[in-house]
Structures are given as C-alpha cells and as structure tokens.
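Student: I should like to understand how the descriptive terms applied to a protein model are justified. Could we take them one at a time?

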Amino acid sequence: MLEDQTTAASSPTTWPAVYPQGYAVVDVETTGLAREDRIISAAVYRLDARGEVEDHWYTLVNPERDPGPVWIHGLTSEALEGAPLFQDIADEFSARLDGRVLVAHNAVFDWQMIAREYARAGRVPPVSQRLCTIVLSKELGLPLPNHKLESLAAHFGVVQQRAHHALDDARVLAEAFRPSLRAAAARSVRLPLHECRPLTEWTDRAVPRQSSGYGSYRPTSWRPARKRPACPYPNPGRYEDGKSLKQGMRIAFSGDTSIERDLLEDRAVEAGLHVATSISRLTSLLVTNDPDSGTSKVVKARQFGTPVVDEAAFGQLLRDVEPASEG
C-alpha cells in the first residue's frame with residue numbers, strides 16, 4: 001500500500017489533542033436503499049487513535065426477507081437462512097462500536113441503516129459521532145475523479161479484492177482512512193464529525209418476505225415509498241437571506257446531515273414547509289452541509305439561483321417559521 005502523498009510526514013510527531021481516541025470503520029450490506037430495507041452483513045475494523053488496526057469482525061445477518069440485489073452483494077436467501085438475526089448480534093456489534101467514532105464511506109447511509117436496526121430491536125447504539133470519508137477526502141482536497149470507495153482506495157494504493165463484501169470494503173476503507181487521518185493531523189485539519197442521534201421511535205411497515213433471490217427481486221413490488229400529505233399552503237417564493245422561512249416554502253436537502261434525514265424532513269413538514277425531492281425554479285431553499293459538492297441538486301441550485309444554507313442555519317430558521325398568508 002502506498003503511503004499518503006498529500007503530506008511529507010507519514011506519521012505526524014504531534015497529534016491534535018482534540019482528535020478522537022478510537023474509530024470503528026464500518027461497512028454494511030443491505031437488501032436495498034429504502035427506509036424499510038435491512039442489513040444482511042456487517043463488518044467492523046477497530047482502529048486506535050492514530051488509525052492503526054486493532055482487530056476486525058464480520059457477520060452475516062438474517063433479514064427475514066428477500067436479500068434484494070444478489071447480483072451486487074452475492075448473498076442469497078440460502079446463504080442467509082442460518083445467519084443470526086440482528087438482535088442476536090446487537091451485543092457484539094455494540095462492543096465493537098462502544099466509545100468510538102463510526103467511520104464509513106457515505107456514513108449517513110450506514111448510520112441510518114444501523115440506527116433503524118437498533119430501533120427495531122429496542123436497543124440504543126453506543127456511538128455518538130460519525131465521520132464520512134467522502135467528506136474527509138473533500139476537506140483534504142484529494143485529487144479524486146469521483147467519490148467512489150474504489151477511487152479513494154486507488155489514490156492510496158489499496159487493492160480491493162471483493163467489492164460489495166462488507167469485510168473487504170471495511171478493510172479497504174480502514175487502510176485508506178489511516179493515511180487520510182495522518183494527513184489531516186499533519187495539517188491540523190478539523191475532522192468532519194457529525195452527531196449520531198439514535199431513533200427513539202420506530203414503526204416497521206409490513207414488508208412481505210420473498211422466497212427467492214435472483215429472479216423475484218422487484219423493488220416496486222414490496223418496497224413502499226414514504227409518502228407525506230401534500231403541503232396545504234401555497235408556495236410564497238424563495239427564501240431571502242436575513243428573513244424568516246414562511247409556510248409553504250419548498251425545501252430540498254442534499255448530502256450528509258447530522259440529524260437523520262427523515263427526522264429533519266419531518267420537522268420541516270411539521271413547520272408547514274413543503275419538502276421537495278428535487279430542485280426546480282420553484283424551490284425556495286436548498287439545505288446542504290457541503291455547498292461546494294458537485295451533486296445534481298447543488299449544481300441545479302447554482303443554475304437556478306436557489307438560496308443555500310447549511311443544516312445548522314436551517315435549524316435556527318425552523319424555530320421561527322412565519323404562518324402562510326391568509327386568502
């Protein structure tokens with residue numbers, strides 16, 4: 001493996017005192033990407049304060065349903081039939097996460113899947129912060145062609161053996177995270193840590209279990225979309241800097257958020273705002289913690305002149321939303 005080439009010091013002699021004391025590099029494979037999907041395998045590499053590997057752990061998880069896109073993760077119903085349920089591995093998983101920062105590639109996804117599994121099991125995950133390696137690579141200005149794990153691995157000379165296998169993905173990420181962490185420490189870069197808030201309420205929708213793997217996987221046949229009632233207020237137009245939000249404004253979200261996206265969107269709906277899934281000329285505001293990213297929503301926001309604020313600013317704005325105009 002090639003050492004980090006963004007800094008001359010492979011291991012800084014001085015280490016930022018504010019950096020975490022340990023990390024849990026996590027990867028989970030799932031039945032899909034929706035709110036109702038389940039974890040089917042999980043891997044954790046525990047790292048010390050400077051990113052050195054302490055140990056690793058891997059398990060299959062029986063999702064009690066169709067495994068989803070077998071052609072991606074390779075785990076069939078037969079392979080998962082005798083695997084433990086999530087509640088059976090929750091204690092061991094917790095021991096691996098306890099007191100550490102959860103590190104993942106696109107960490108908001110892994111965290112949301114993990115939080116939902118713990119909520120289903122009536123448990124609370126013992127992790128309070130997460131770090132996304134996509135965000136860290138942007139903070140470091142790494143010259144990557146895109147933000148795929150394979151690109152990050154190639155930058156540091158890490159060889160991937162089995163893509164979309166939780167154990168190998170976690171290994172690759174752990175090996176790429178170590179030089180990233182050292183580069184951040186050498187430059188005293190503030191690590192992009194986000195708060196992990198566990199779910200306190202969970203209602204699992206009934207999702208019928210499928211009997212086979214490859215042939216019967218049809219997402220639209222068993223994965224209901226999350227629907228919200230239509231916003232009852234007319235769109236008053238765009239948000240103006242320095243003013244308040246107003247009921248009926250169309251709000252879109254992009255990227256990683258410290259508060260789980262579903263909960264953040266629910267708060268917006270409760271305040272009388274319209275949560276939009278895409279950007280158009282009618283969008284009142286885009287909420288993102290990474291306004292310099294090249295996501296389609298950010299690009300369109302620039303094209304349309306849509307105002308952009310970060311999550312913290314949006315949280316403040318939610319406290320004083322003006323009522324919709326009468327008539």
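Tutor: The following exchange sets values for this protein against the definitions of the terms. This is a predicted model, in which local features need pLDDT of at least 70 and side-chain atom pairs count only at pLDDT 80 or more, while totals for chains, interfaces and linings use all residues. Residues are numbered from 1 along each chain as its sequence is written, and side-chain values use heavy atoms, with hydrogens and water left out.

Student: Why is leucine 47 called buried?

Tutor: Buried means under 20% relative accessible area, exposed means over 50%, and partly exposed lies in between (1.4 Å probe, protein chains only). Leucine 47 has 0% relative accessibility, and therefore it counts as buried.

Student: Where does leucine 47 lie, and what is it in contact with?

Tutor: Leucine 47 lies in strand β2, residues 39-48. Helices (H or I, at least four residues) and strands (E, at least two) are DSSP runs, numbered from the N terminus. Contact means heavy atoms within 4.5 Å; beyond its neighbours within four places in sequence, the partners of leucine 47 include Gly22, Tyr23, Arg100, Ala174 and Phe177. Between leucine 47 and glycine 22 the C-alpha to C-alpha distance is 5.8 Å, although they are 25 residues apart in sequence.

Student: Why is cysteine 196 called buried, and why is cysteine 231 called partly exposed?

Tutor: Cysteine 196 has a relative accessible area of 5%, which is under 20%, so it is buried. Cysteine 231 has 24%, which falls between 20% and 50%, so it is partly exposed.

Student: How many disulfides does the model have?

Tutor: A disulfide is a pair of cysteine sulfur atoms within 2.5 Å. By this rule the count is zero.

Student: What makes α5 mostly covered?

Tutor: Six of the eight residues of α5 are buried, namely Thr133, Ile134, Val135, Leu136, Ser137 and Leu140. Their cover includes β4 (101-104), β5 (129-132), α6 (149-155) and α7 (166-186).

Student: What does α5 supply to the second largest pocket?

Tutor: A pocket is defined on a 1 Å grid over the protein atoms alone, as an open set of points where a 1.4 Å probe fits, with protein on both sides within 12 Å along at least five of seven lines; lining residues have an atom within 4 Å of a point. The second largest pocket holds about 740 Å³ of space. Of its 26 lining residues, the closest to the centre are Val135, Pro192, His194, Asn289 and Asp290. Four lining residues come from α5, the largest share, and α5 (133-140) and β6 (193-195) each supply at least two.

Student: What is notable about phi in histidine 164 and serine 188?

Tutor: Most residues other than glycine have a negative phi. Histidine 164, however, has a positive phi near 65°, and serine 188 has a positive phi of about 55°. Histidine 164 lies in the loop between α6 and α7, and serine 188 in the loop between α7 and β6.

Student: How do you know whether histidine 164 and serine 188 are buried or exposed?

Tutor: The relative accessible area of histidine 164 is 42%, between the two cut-offs, so it is partly exposed. For serine 188 the value is 58%, which is over 50%, so it is exposed.

Student: What share of the protein is buried?

Tutor: Of its 327 residues, 53% are buried.

Note on methods
Points joined across faces, edges and corners; volume = space filled by probe spheres on them.
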